[in-house]
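Visitor: I should like to learn how to read the packing of a protein model, beginning with its aromatic rings. Where should one start?

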Amino acid sequence: MMKLAVVASMVAGAAAFAPAQVAKTSVATNMAFEEELGAQAPLGCWDPLGLLNGADQERFDRLRYVEIKHGRICQLAFLGQVVTRAGLHLPGDIDYSGHSFDSFPNGVAAILGPDAIPTAGLVQIIAFVGILETAVMRDIEGTGNEFVGDFRNGYIDFGWEDFDEEEKLSKRAIELNNGRAAQMGILGLMVHEKIVPLGYDADLPIIGHLV
């Protein structure tokens, strides 16, 4: 604990003597993207790590693309936690040995640990994700996609074209914020899973107990 305090004080001291030019650059950069989708009150364009320092629109679009994709993945992951911990699993067996889907633990323990799914199953999951990443969940130029993260690619719509511009922006903002919340949510669940063996098993909202 003392070492952490010393390191923290050293970092704070270094920050105190940092040139003012850095702060001005960060503020100016944030102002450049203040009108972008997701820059919402009260934080506005919040960039604590300085990833946008000196960034152009191409750099911003790349970061937004990654943020949206990670948000979508985490929403699915969090939903998976909710569903499986509610006792809902796929019917049947996961392999020819007769191991049923509900015989494996929930959460991280399903892929890491002594009771994890077979290696062949994990390889299939990774291969499936790889196919989605390279052939499906990507932005194909020339297919009419409207914004960064638009993966319709000319064949998926679900009524998107029936919305006006204001409603489209609203739905995009909702997805972005839900993705951000899901990233924090799934990270929190992973941390809780790891601290349960230490004797802390909280009764979490929606999820309940992890054991």
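Guide: Let us start with a group of rings in this predicted model. Ring pairs join Phe147, Trp160 and Phe163 into a cluster.

Visitor: How are the planes of Trp160 and Phe163 arranged, stacked or edge-to-face?

Guide: The angle between the planes decides, and over 60 degrees a pair counts as edge-to-face. Trp160 and Phe163 have 85 degrees between their planes and lie 5.9 Å apart, centre to centre, so the pair is edge-to-face. Trp160 is buried, at a relative accessible area of 12%, whereas Phe163 is partly exposed, at 24%.

Visitor: Which charged residue lies over the face of Phe163?

Guide: Here one looks for a charged side chain above a ring. Lys171 takes that place, 5.0 Å from the ring centre of Phe163. Another such case is Arg72, which lies over the face of Phe151 at 5.1 Å from the ring centre.

Visitor: How many aromatic pairs are there by the ring-centre rule?

Guide: The count comes to four aromatic pairs. One of them is formed by Phe33 and Phe60, with ring centres 4.7 Å apart; their planes are at 10 degrees, so this pair is stacked.

Visitor: Which parts of the chain does the pair of Phe33 and Phe60 tie together?

Guide: To answer this, one places each ring on the chain. Phe33 is in the loop between α2 (20–32) and α3 (57–85), while Phe60 is in helix α3, so the pair ties together parts that are 27 residues apart in sequence. Both Phe33 and Phe60 are buried.

Visitor: How does one read a helix such as α3, and what span does it reach?

Guide: One compares its end-to-end reach with the expected rise. α3 has 29 residues and reaches 42 Å from its first C-alpha to its last, close to the 42 Å expected at 1.5 Å a residue. After α3 comes Gly87, whose phi is positive, near 95 degrees.

Visitor: Which elements do the buried residues of α3 pack against?

Guide: They pack against α4 and α5. The buried residues of α3 include Phe60, Tyr65, Ile68 and Cys74, and also the charged residues Arg64, Lys69 and Arg85.

Visitor: Which residues make up the largest nonpolar core?

Guide: A core is read as a connected set of buried nonpolar side chains. The largest one has nine residues: Cys74, Ala182, Ile186, Leu189, Val196, Ala202, Leu204, Ile207 and Leu210. Its largest share, three residues, comes from α5. Cys74 touches Ala182, Gln183 and Ile186, leaving aside residues up to four places away in sequence. Apart from this core lies another, of five residues, among them Phe33, Cys45, Ala55 and Phe60.

Visitor: Is Asp150 buried or exposed?

Guide: For a charged residue, one checks its accessibility and then its partners. Asp150 has a relative accessible area of 2%, under the 20% cut-off, so the residue is buried. Asp150 is found in the loop between α4 (119–136) and α5 (165–195). Its side chain reaches the backbone nitrogen of Glu146 at 2.7 Å. Beyond residues up to four places away in sequence, Asp150 touches Asp139 and Asn145.

Visitor: What does the chain look like as a whole, and how many helices and strands has it?

Guide: The chain has five helices and zero strands. Of its 211 residues, 23% count as buried. Among contacts between residues at least 6 apart in sequence, 43% join residues at least 24 apart.

Definitions and conventions:
Residues numbered from 1 in each chain as written. Predicted model: local features only at pLDDT ≥ 70, side-chain atom pairs only at ≥ 80, totals over all residues. Heavy atoms only, no water. Helix = DSSP H or I, 4+ residues; strand = E, 2+ residues; numbered from the N terminus. Buried < 20%, exposed > 50% of the residue type's maximum accessible area, 1.4 Å probe, protein only. Polar contact = N/O pair within 3.5 Å; in protein donor to acceptor, adjacent residues only side chain to side chain. Contact = heavy atoms within 4.5 Å. Phe/Tyr/Trp six-rings, centres within 6.5 Å; stacked < 30°, edge-to-face > 60°. Lys NZ or Arg CZ within 6 Å of the ring centre and 35° of its normal. Expected span 1.5 Å × (residues − 1). Core = buried A, V, L, I, M, F, W, Y, C linked by side-chain atoms within 4.5 Å.
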